[in-house]
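Reader: I have a model open and would like to go through its labels with you. Could you show me how each one is earned?

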Amino acid sequence: MAQRLRLRNSARIRTALFFNFFLITITTSYILTGSYFVSLEKYQILLEAVDQNINTANQLVVYANQLARDKASVRPAIDEATNSIDLNLNILNQGGVYEFNRQSYELPPCDPNLTGSLTEIYKVWKEFKKQIEQIRRTPAFIQSGIISIPNPSMQNQLNTLENLLEELTVASNKFKRGYSQISEEKKDNANNLLLVLFLINLGFIAFGLLLLRWLIFLPLKRVTSVAELIADGDLSRKIDLQTENEVGLISDALNRLIDKIRDATDFIRTIEEGNLDVEYTSDESIESDTLALALIEMRERMKQVASQERERSWVTEGLAKFAEILQTHNNNTERLAYEIIANIVRYTNATQGALFVVNRDDPQDVHLSLAAAYAYERRKYRSKRIDIGETLAGQAYKDMDTIYLTEIPENYVEISSGMGGARPRCLLIIPLKINEIAYGIIELASFQEFKPYEIEFLERLGENVAATLNSTQSNERTKALLEESNAITLQMQEQEREMARNLEQLQRAQEEMRKNEEILSAQSYTLQNTLINAELDMQGRIITVNKLFLDTMGIKESAESLVGRDYRTFIPAYDEYAVREFEEIWDLLKNGKPASGSYKRLASNGMEKWIRATYSPINDKNGKPYKVIKAGFDVTLEKNARLDFQQQLDSFRRFNAVVEFDVEGNFLEVNEIFTQIMGYTKAELVGRPHTLVVPPEEAESEEFKELWARLQRGEFYSAEMRRITKYGEEVWLQGSFNPILDNNGKPYKIIEFIIDITERKKAEKAIIASQRETESKESNLRAIINNTDEIIITMNSQLLISGFNEKARATYEDMGIQLANGLPISETFPKNKTTEFEELYQRCLNGEKFSIEEFIHNYRTHTASLYEMTFYPTTDAQGAVNGVAMFAKDLTEIRKKEKEFDKLQRQVKTQRQSIEKLEKTRSELRKELKAKEEELQQVQKSSE
């Protein structure tokens, strides 16, 4: 090693001695030639000073012409220019510092041979200055009468000044020619000196080249040949050089570089084959090997990227898979629950899982019901109820938050494998929620721990499942309501059939009562023209009664004697039904509702009376009943007779449409309600066929003909029917056709009882369509908004929050801010940027759409995140701005990854630059070697 150091030092010393001596020679040559060139440069500066004087004198002539036009503003410039020429002439004469191109030059005194020329310049300059002063004193205009005219003497003085300028220019050019001649002589002397010095230096260069060839060039040529192979990518050869000097060290370094490149190449090829777990092997330490460290770091980054890509792919495929499941099985909650939990268990490799749905049928008893369970590759048929707050699932629903345990409480898992063995050790409970409303719970148990991205995937999936569950349950509820509506319709139809049977019975009773027609007619006349009246207070005490009341009840006293008497004394106490009936009527009256009917009463002689009466509450100015008016008549004898039937029929006519047809389908009679519905007058309908109001396609149908055939046979018919008004509008009627039979049992007319259900039909259609559309839009919109990674907040024109998504709520809650509708958005501003954010929102309210990037500090976690915030003005139907929508995306991780990638690129670039630098050095050495060889050959040829 010592011998090697001595050899290295010997080569270095020899080269250093030669170049030191050569440097001294070069330095001496530089100093000698430099002094000549400095003097030549000063002569050039002298010439520039003379040119500057000439230019300044020309400028003075321009200023003088401006003075002749009475521009006094140029007087300071004339003074400055005059002083500049005086200073330059002084430097040209005595020497001194001259400023040129912002540099200072020390000029020598005037050459003795040129003193005469400089004196001539001084002489002309004095005359020139004198003329300038005279022009300054001469007025530009003189008064001629009442006007001012240019001063004629001023023009003469300007002409004289221009002549002096020509003389000054001639004298200055003469001075310049003298210095130019001196400069040329100096330049010739400098060229002769340069030639001598060049020949001396050339000899030194030839000797130096021979020395370099022996010490460096020949060994370096061998190194170069191998370096070219390295540059071409051929690493099969190494440098075989035993020289123990600097070139030898270079060869050793290149050999080590070949080994390192071979190791790096093998490492990269292994990674290209997909083996990201390969170890970097090298014969030397890699602690300071930036290429090896960069490749190892690149492998780690590629492993991370591959892992992240697998996770993203897993999540994306999962969301697509479950989206198809949710779309396929959205018509049955039980089937949907099973498909969801079974596929989640299989997709996450969990052991078992259960899906609970929220049962809100009874608002006072909201609880979780087990909808489906799946364990050990089998469906489990179980039923289970969990109250809110009970067990971990109930607590997760109550807290609206995910629960993840890596140690499951003992006996918590109720389902076990038929093979026995270990039980799951990890438990994950996720609420299925949208906008803080939970629709169910997913509970998963697994032998393996759930990874963070799996939990995040399940939480995102939970929002989609919640939306679908809500939609499915709403559809099922709507279906149940429709079925209930159909059942009610059937019940009404049955009631109508019952009414038809009652009508038939009443018709039979009509035949039986014909024998007593005279008596019944007299009684009917009496009942129709006389009423029993009584007024009662709200405690049931009598206020006043009429004479018919007294007569009917067999009371001999006057009406005044009954004032204050409890009306309940006329209720037969022995009849519990009559007592209970009266109390029910009185409860209705207290609530402001009238009551009417036939009631059993007890006369003063103990006889029972049937009174057909109406009890009507009378309200005070506050809308509260303060008394009751009873109006009625005695129907004791006609209780079950024709008058009762007629009253029922009249009551129906008052509140419903009634139409009478002959057996051929022509209108015989219509009431006012029917004419209001159809738009026709009574005169326009009577005598016209039924088909006048029937849609043409129905009137010509076989079903319509069959309807009238059935009616002509005396059959009852009831249905919902579409009819056309006088104005061509469509109405829906609930009608029942009732044939009226003669004494021979044959129909002689048909009575149709009609209820207008148009609005109900329209409302049913509109409600169902609107409900389905609204639920679909809301669920889709909520799913889209809550599945995005962006923060979304909407505000009204007063910048009060009107909406936000789940990402916004969670982010601001993490910063200690509880978002709520109606909260001023200024409550969310960073404390140190309130004014800045107010200006941003005001810009948006002014109709501007823009984006910014802003660091938001979380003072609770002492972290800062970079957000890209985009502001959109929202508009109403007229296009006026009525609010702001703000979208914010967290760029922190993206920027980190970009920086990491840039760092990796810089490392790779550094390695590439190192290789390029090595290649450049090799190329330069080759060029220098080639140049030296050519110079040496030329020297050898010249010496020969």
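**Strands, rings and charges**

Author: Gladly! Let us start with strand β22 (residues 791-796) and strand β26 (residues 881-890), which run antiparallel and are joined by six bridges. Please keep in mind that this is a predicted model.

Reader: What makes β22 and β26 a pair?

Author: Pairing takes at least two bridges between two strands, and β22 and β26 have six, so they count as paired. As one spot to look at, T794 stands opposite A885 in β26.

Reader: Which sheet do they belong to, and why are β23 and β24 said to stand at its edges?

Author: They are part of an open sheet of five strands, paired antiparallel in the order β23-β22-β26-β25-β24. β23 (801-804) and β24 (850-858) each have a single partner strand, so one side of each is left without a neighbour in the sheet. On average, neighbouring strands here are turned by 25° against each other, direction ignored. Helix α19 (residues 806-814) lies across β22, β23, β24, β25 and β26, running at about 95° to β22.

Reader: On to the rings. How many aromatic pairs are there, and why is F322 with F457 called tilted?

Author: The whole structure holds 25 aromatic pairs. For F322 and F457, the centres are 6.3 Å apart and the planes stand at 55°. The centre limit is 6.5 Å, and tilted covers angles that are neither under 30 degrees nor over 60, so this is a tilted pair. The pair links distant parts of the chain, with F322 in helix α6 (residues 290-328) and F457 in helix α9 (residues 452-513), 135 residues apart.

Reader: How do you know that F322 and F457 are buried?

Author: Buried means under 20% relative accessible area. F322 is at 1% and F457 is at 1%, so both count as buried.

Reader: And why is Y841 with F871 called edge-to-face?

Author: Their planes are 90° apart, with 5.1 Å centre to centre. Edge-to-face means over 60 degrees, so the name fits. This pair joins Y841 in helix α20 (residues 834-845) to F871 in strand β25 (residues 863-875), 30 residues apart, and both residues are buried.

Reader: What makes you say that a charge sits over W732?

Author: The charged end of K761 is 4.7 Å from the ring centre of W732. The distance limit is 6 Å, so K761 meets that part of the test. Likewise, R360 lies over the face of Y439, at 5.7 Å from the ring centre.

Technical notes. Residues numbered from 1 in each chain as written. Predicted model: local features only at pLDDT ≥ 70, side-chain atom pairs only at ≥ 80, totals over all residues. Heavy atoms only, no water. Phe/Tyr/Trp six-rings, centres within 6.5 Å; stacked < 30°, edge-to-face > 60°. Helix = DSSP H or I, 4+ residues; strand = E, 2+ residues; numbered from the N terminus. Buried < 20%, exposed > 50% of the residue type's maximum accessible area, 1.4 Å probe, protein only. Lys NZ or Arg CZ within 6 Å of the ring centre and 35° of its normal. Axes fitted to C-alpha atoms, helices over the stretch in contact; angles between N-to-C directions. Contact = heavy atoms within 4.5 Å.
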